[in-house]
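Here are my notes on this one, written as numbered points so you can follow along in the viewer. Shout if anything looks off on your screen.

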There are 2 protein chains.
Amino acid sequence: MNYIKAFAPATVANVSCGFDIFGFAIEEPGDVVEIWRRDEPGIIIKDIFGDEGRLPRNPEKNAVTGVMIHLLKHLGITNFGCEVALHKNMPLGSGMGSSAASAVAGVVAMNELLDCPLARTELLPFAMEGERIASGSAHADNVGPALLGGFVIIRSYSPLDVFSIPVPKDLYCTLVHPDIEINTKDARYILRDEVSLKNTISQMGNVAGLVAGLMKEDYDLISRSMVDVIIEPVRSILIPEFNKVKQAALDHGALGCSISGSGPSMFALSRGIENAKKVGEVMKRTFSEAGIESSTHVSLINQGGPLIMEKN
Amino acid sequence: MNYIKAFAPATVANVSCGFDIFGFAIEEPGDVVEIWRRDEPGIIIKDIFGDEGRLPRNPEKNAVTGVMIHLLKHLGITNFGCEVALHKNMPLGSGMGSSAASAVAGVVAMNELLDCPLARTELLPFAMEGERIASGSAHADNVGPALLGGFVIIRSYSPLDVFSIPVPKDLYCTLVHPDIEINTKDARYILRDEVSLKNTISQMGNVAGLVAGLMKEDYDLISRSMVDVIIEPVRSILIPEFNKVKQAALDHGALGCSISGSGPSMFALSRGIENAKKVGEVMKRTFSEAGIESSTHVSLINQGGPLIMEKN
């Protein structure tokens with residue numbers, strides 16, 4: 001094989017009560033990576049589209065090519081040469097799992113080009129390495145769902161224990177990205193190191209309720225469980241109009257609404273596409289009334305994960 | 001109806017990672033309550049067997065009759081008279097949900113005697129009142145499963161949100177009660193008010209894993225998720241030989257092992273009755289080698305909850 005084009009989806013991490021342990025993939029947008037094999041060894045970044053020149057062009061420091069180098073090293077392949085193009089289809093630092101989508105598209109494309117020496121689940125540590133290159137922290141709550149698809153639970157980081165659970169067929173996500181930016185490191189920095197035992201118990205109850213609600217297809221239980229007493233009250237301060245936008249979503253039938261990842265994007269879950277679209281409209285309008293432009297995506301939970309779009 | 005005899009089962013609360021939010025019922029032992037209607041108004045405690053004289057004989061202060069008084073008051077019944085007998089079939093302060101079994105047997109018996117004015121789930125707040133009378137705290141993680149049967153999640157206390165989830169058919173509980181006593185209030189008092197965010201995340205991961213594991217019938221996932229980094233490290237100090245007994249259970253095939261409720265009883269979950277019996281033997285032997293006598297119960301998760309044994 002001499003050419004691969006692969007897609008990996010945007011993701012919503014944390015999912016209200018599930019800080020660092022829950023994430024799910026959506027159908028679009030997503031990033032696309034192309035690889036052209038060449039005779040001379042070494043990985044070259046040919047083009048990056050859609051990043052406004054902000055991503056590193058040094059292959060070691062770029063998440064996409066960084067994970068490829070890491071994978072080749074692990075496989076003991078030394079004389080490999082290729083050119084890489086990355087198409088960014090979502091904004092950086094948006095809370096939509098931008099770096100995860102790039103890293104996953106990159107590692108899936110490279111594995112495919114090599115005739116799949118590793119199973120998809122085995123690629124997870126490599127994709128996490130991409131997160132480390134991009135943000136300094138090897139979190140799995142975006143790369144997990146971007147790689148595996150579906151609604152993903154990260155039970156443990158050490159040892160790594162990641163799996164997906166079924167979700168109701170009529171569950172739709174509305175993702176709204178306001179045109180403001182939050183630094184992920186800042187969003188983590190403002191969190192407290194300690195949590196009251198009382199809040200820990202509340203959060204555990206909601207985590208248990210959300211998993212049970214998704215697996216039982218119980219929309220009411222999903223809705224009652226989408227409560228975050230630990231992270232959202234702190235991080236929502238960084239998102240202008242957060243409370244108004246959330247309330248508008250809930251008033252228009254959303255099951256729940258919270259921060260996507262570390263923000264500033266917000267997501268809502270709804271039963272049925274019509275409701276999810278309506279929720280998107282009112283969230284966008286509420287941001288707009290405060291002078292903040294936003295883009296909206298409505299999607300089923302993506303069960304497939306990454307996609308090989310072309311190969312030859 | 002003039003006579004009722006009702007049974008309610010022992011329960012395991014907390015279930016490793018699920019402090020205050022998880023509990024399940026077992027098949028035996030359990031407490032039995034008898035009620036004989038009489039013409040004169042007022043509730044009289046006729047007999048209490050098996051408590052070594054330690055439970056209050058004042059009907060207002062006894063959990064069983066206390067819940068009956070509470071239920072009658074709620075229903076606006078003022079001229080009701082009966083005699084009550086309580087058969088305690090498990091030790092007090094054992095961590096086996098002793099007061100919950102008594103309160104649930106009492107409220108279920110009285111509701112039946114009155115021709116079931118309330119549905120079983122509606123009895124939960126009354127049974128919780130029994131816990132408040134017995135221990136000063138209206139917890140639901142024993143009365144919930146004792147009343148509803150099965151594996152129960154308490155998503156929220158305010159508003160009260162309690163439901164059960166399915167469990168694998170071949171999942172057995174081994175419950176071992178060492179002949180020592182812990183005061184439930186002490187066991188709560190030694191807990192810290194604050195939890196690190198890191199431990200909160202670990203615990204949430206295990207809570208999510210245990211719910212998913214039970215619902216997917218994934219014994220390995222159940223086993224990996226039975227890890228408590230918050231409560232067990234503190235409370236296990238109160239149980240002599242805890243670490244040795246737990247290790248013996250795990251070494252002999254238990255999926256997991258932890259404190260039942262606030263102790264001193266310990267429970268293990270196993271796949272299959274033979275394994276659960278073997279685990280019970282080695283736990284008992286390990287206690288015994290340290291000079292501590294213990295009693296052992298092996299049982300399926302009780303899916304039925306309370307039972308009306310006789311009525312006429």
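1. How many residue pairs are in polar contact across the interface of chain A and chain B? The rule finds 12, with both residues of each pair at pLDDT 80 or more. Keep in mind that this is a predicted model. On the chain A side, the elements that give two or more residues to the contact with chain B are β5 (151-157), β6 (160-165), β8 (194-196), α6 (197-216) and α7 (219-225). The largest share there belongs to α6(A), with 15 residues. By residue class, the side of chain A that touches chain B splits into 21 nonpolar, 10 polar and eight charged.

2. On to the extent of that interface. Chain A puts 39 residues into the contact, and chain B also puts in 39 residues. Between them the two chains bury about 2,800 Å², and 71% of that lies on carbon and sulfur atoms. If you want three residues to click on, take R155(A), L197(A) and M204(A): they supply 24% of the area that chain A buries against chain B, more than any other three residues.

3. Next, the charged pairs. The rule finds two salt bridges across the interface of chain A and chain B. One of them is between the side chains of R224(A) and D161(B), with an N to O distance of 2.6 Å.

4. Strands also pair from chain to chain. β8(A) runs antiparallel to strand β8 (residues 194-196) of chain B, and three bridges hold the pairing. To see the register, start from S196(A), which sits opposite E194(B) in β8(B).

5. Now the sheet in chain B. Which strands form it, and in what order? Four strands make an open sheet, in the order β9-β10-β7-β11 (chain B), with antiparallel pairing. β9 (256-259) and β11 (294-300) of chain B are at the edges with a single partner strand each, so one side of each has no neighbour in the sheet. From one strand to the next, the twist averages 20°.

6. Staying at the β9 end of that sheet, β9(B) pairs with strand β10 (residues 266-271) of chain B in the antiparallel sense, over four bridges. Within this pairing, M266(B) in β10(B) is the bridge partner of I259(B). Helix α9 (residues 242-251) of chain B packs on the sheet and touches β9 and β10 of chain B; the direction of the helix makes about 155° with that of β9(B).

7. The loop between β9 and β10 of chain B is worth a look too, as P264(B) is located there. The peptide bond that joins G263(B) and P264(B) is cis, with omega at about 0°.

8. Over to chain A, where an open sheet of four strands has the order β9-β10-β7-β11 (chain A) and antiparallel pairing. The edge strands are β9 (256-259) and β11 (294-300) of chain A, each of which pairs on one side only. The twist here averages 20° from one strand to the next.

9. Inside the chain A sheet, strand β7 (residues 171-178) and strand β10 (residues 266-271) of chain A run antiparallel and are joined by six bridges. V176(A) stands opposite M266(A) in β10(A). Helix α10 (residues 273-289) of chain A packs on this sheet, with contacts to β7, β9, β10 and β11 of chain A, and its direction makes about 15° with that of β7(A).

10. Two backbone details to finish, in case you are checking torsions. E28(A) and P29(A) are joined by a cis peptide bond, with omega about 5°, and P29(A) lies in strand β2 (residues 22-37) of chain A. D115(B) has a phi near 65°, which is a positive value in a residue other than glycine. You'll find D115(B) in the loop between α2 (98-113) and α3 (124-135) of chain B.

Technical notes. Residues numbered from 1 in each chain as written. Chains lettered and ligands numbered in written order. Predicted model: local features only at pLDDT ≥ 70, side-chain atom pairs only at ≥ 80, totals over all residues. Heavy atoms only, no water. Contact = heavy atoms within 4.5 Å. Buried area = accessible area lost by both parts, 1.4 Å probe. Salt bridge = Lys/Arg side-chain N within 4 Å of Asp/Glu carboxyl O. Polar contact = N/O pair within 3.5 Å; in protein donor to acceptor, adjacent residues only side chain to side chain. Nonpolar A, V, L, I, M, F, W, Y, C, P; charged D, E, K, R; others polar. Pairing = 2+ DSSP bridges. Axes fitted to C-alpha atoms, helices over the stretch in contact; angles between N-to-C directions.
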